[in-house]
Amino acid sequence: AIQRTFSIIKPDATKRNLTGKIVAKFEEAGLRVIASKRIHLTKAQAGVFYAVHKERPFYDELCEFMSSEPIVVQVLEGEDAIAKNREVMGATNPAEAADGTIRKEFALSIGENSVHGSDAPETAAEEIAYFFAGLELVG
Ligand code: CMP
């Protein structure tokens, strides 16, 4: 079915001017960018977004990193968009990511791993709603 998923191009990638190369990977996989904006999160806003990881040892480092530089938040639409996006991103840890994936090609470490993508339909809906108003989604 046609789905929507939420994507972040993270600080390590925007800093290295990789936004276009990453978007090209999504588009080549058949995902359409139906909303997009460049923003700079505060640490508190990153903390709310990653609240599910609050108890993890890397939470503070993660929120610090995600607020260190601008990010690009996007909504991607397409057939099985959630799974397709995760396939194009590759494994969270770039050392385990398959050839040709974004994380294999661009990620620096498990923390500075260039992209985020929703893991399920419910989280996709929540994450989209945190960053975008309905009128900003142009399918
Ligand atoms: P993301 O998909 O954005 O969701 C949670 C993030 O936490 C994950 O990508 C990683 O970037 C980050 N993360 C996961 N494990 C670690 C770790 N061991 N150290 C630092 N960051 C991590």
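Biologist: Is Asp-12 buried or exposed in this structure?

Modeller: In this predicted model, Asp-12 has its place in helix α1, which covers residues 11-15. Its relative accessible area is 4%, and since a residue counts as buried when that value is under 20%, Asp-12 is buried.

Biologist: With which side chains does the side chain of Asp-12 make polar contacts?

Modeller: Leaving aside neighbours within four places in sequence, Asp-12 is in contact with several residues, including Phe-65, Phe-106, Leu-108 and Ser-114. One polar contact, of 2.7 Å, runs from the side chain of Asp-12 to that of Arg-16. Another, of 2.8 Å, joins the side chain of Asp-12 to the side chain of Ser-114. The side chains asked for therefore include those of Arg-16 and Ser-114.

Biologist: Where does Ser-114 lie, and is Ser-114 buried or exposed?

Modeller: Ser-114 has its place in the loop that leads from α6 (102-106) to β4. Beyond its neighbours within four places in sequence, Ser-114 is in contact with residues that include Ile-8, Ile-9, Arg-16, Ile-22 and Phe-106. Its relative accessibility is 0%, and Ser-114 therefore counts as buried.

Biologist: In what order do the strands of the open sheet stand?

Modeller: The sheet has four strands with antiparallel pairing, and its edge strands, each of which pairs on one side only, are β2 (32-39) and β4 (115-117). Neighbouring strands of this sheet are turned by 20° against each other on average, with direction ignored. Read across the sheet, the order is β2-β3-β1-β4.

Biologist: Over how many bridges do β1 and β3 pair?

Modeller: Strand β1 takes in residues 2-9 and strand β3 residues 71-79, and the two pair in the antiparallel sense. Within this pairing, Ile-2 has Glu-79 as its bridge partner, Arg-4 stands opposite Glu-77, and Ile-8 has Val-73 as its partner. The number of bridges between β1 and β3 is eight.

Biologist: What is the bridge partner of Ile-9 in β4?

Modeller: Strand β1 is also joined to β4, and these two strands run antiparallel with three bridges between them. In β4, the bridge partner of Ile-9 is Val-115.

Biologist: Why is β3 described as largely enclosed by the rest of the structure?

Modeller: Strand β3 pairs with β1 over eight bridges and with β2 over seven, in the antiparallel sense in the latter case too; in that second pairing, Val-33 stands opposite Leu-76. Helix α5 (residues 81-89) packs on the sheet and touches β1, β3 and β4, its direction making about 35° with that of β1. The description of β3 as largely enclosed rests on burial, because the buried residues of this strand number eight of the nine.

Biologist: Which residue offers a polar side-chain atom 2.6 Å from an oxygen atom of the ligand?

Modeller: The residues that surround the ligand include Lys-10, Tyr-50, His-53, Phe-58, Arg-103, Ile-110, Asn-113 and His-116. A backbone N or O atom of Ile-110 lies 3.0 Å from an oxygen atom of the ligand, while for a polar side-chain atom of Asn-113 the distance to a ligand oxygen is 3.3 Å. The distance of 2.6 Å belongs to a polar side-chain atom of Tyr-50.

Biologist: How much of the ligand's accessible area does the protein cover?

Modeller: A polar side-chain atom of Tyr-50 lies 2.6 Å from a ligand oxygen. On its own, the ligand has 460 Å² of accessible area, and the part of this that the protein covers is 80%.

Biologist: How far apart in space are Leu-137 and Ile-102, C-alpha to C-alpha?

Modeller: Leu-137 is found in the segment after α7 (121-131). Leaving aside neighbours within four places in sequence, Leu-137 is in contact with Arg-4, Ile-34, Ala-35, Val-75, Ile-128 and Phe-132. Ile-102, by contrast, is one of the residues in contact with Ser-114. Leu-137 and Ile-102 are 35 residues apart in sequence, and their distance in space, C-alpha to C-alpha, is 24 Å.

Conventions
Residues are numbered from 1 along each chain as its sequence is written. This is a predicted model: local features need pLDDT of at least 70, side-chain atom pairs count only at pLDDT 80 or more; totals for chains, interfaces and linings use all residues. Side-chain values use heavy atoms; hydrogens and water are left out. Two strands pair if DSSP finds at least two bridges between them. Axes are lines fitted to C-alpha atoms, for helices over the stretch in contact, and angles run from 0 to 180 degrees between N-to-C directions. Contact means heavy atoms within 4.5 Å. Buried means under 20% relative accessible area, exposed over 50%, partly exposed in between (1.4 Å probe, protein chains only). A residue is near a molecule or strand if one of its heavy atoms lies within 4 Å of it. A polar contact is a pair of N or O atoms within 3.5 Å; within protein, one must be able to donate a hydrogen and the other to accept it, and residues adjacent in sequence count only if both atoms are side-chain atoms. Accessible areas come from the Shrake-Rupley method with a 1.4 Å probe; for residues, only the protein chains shown count as cover.
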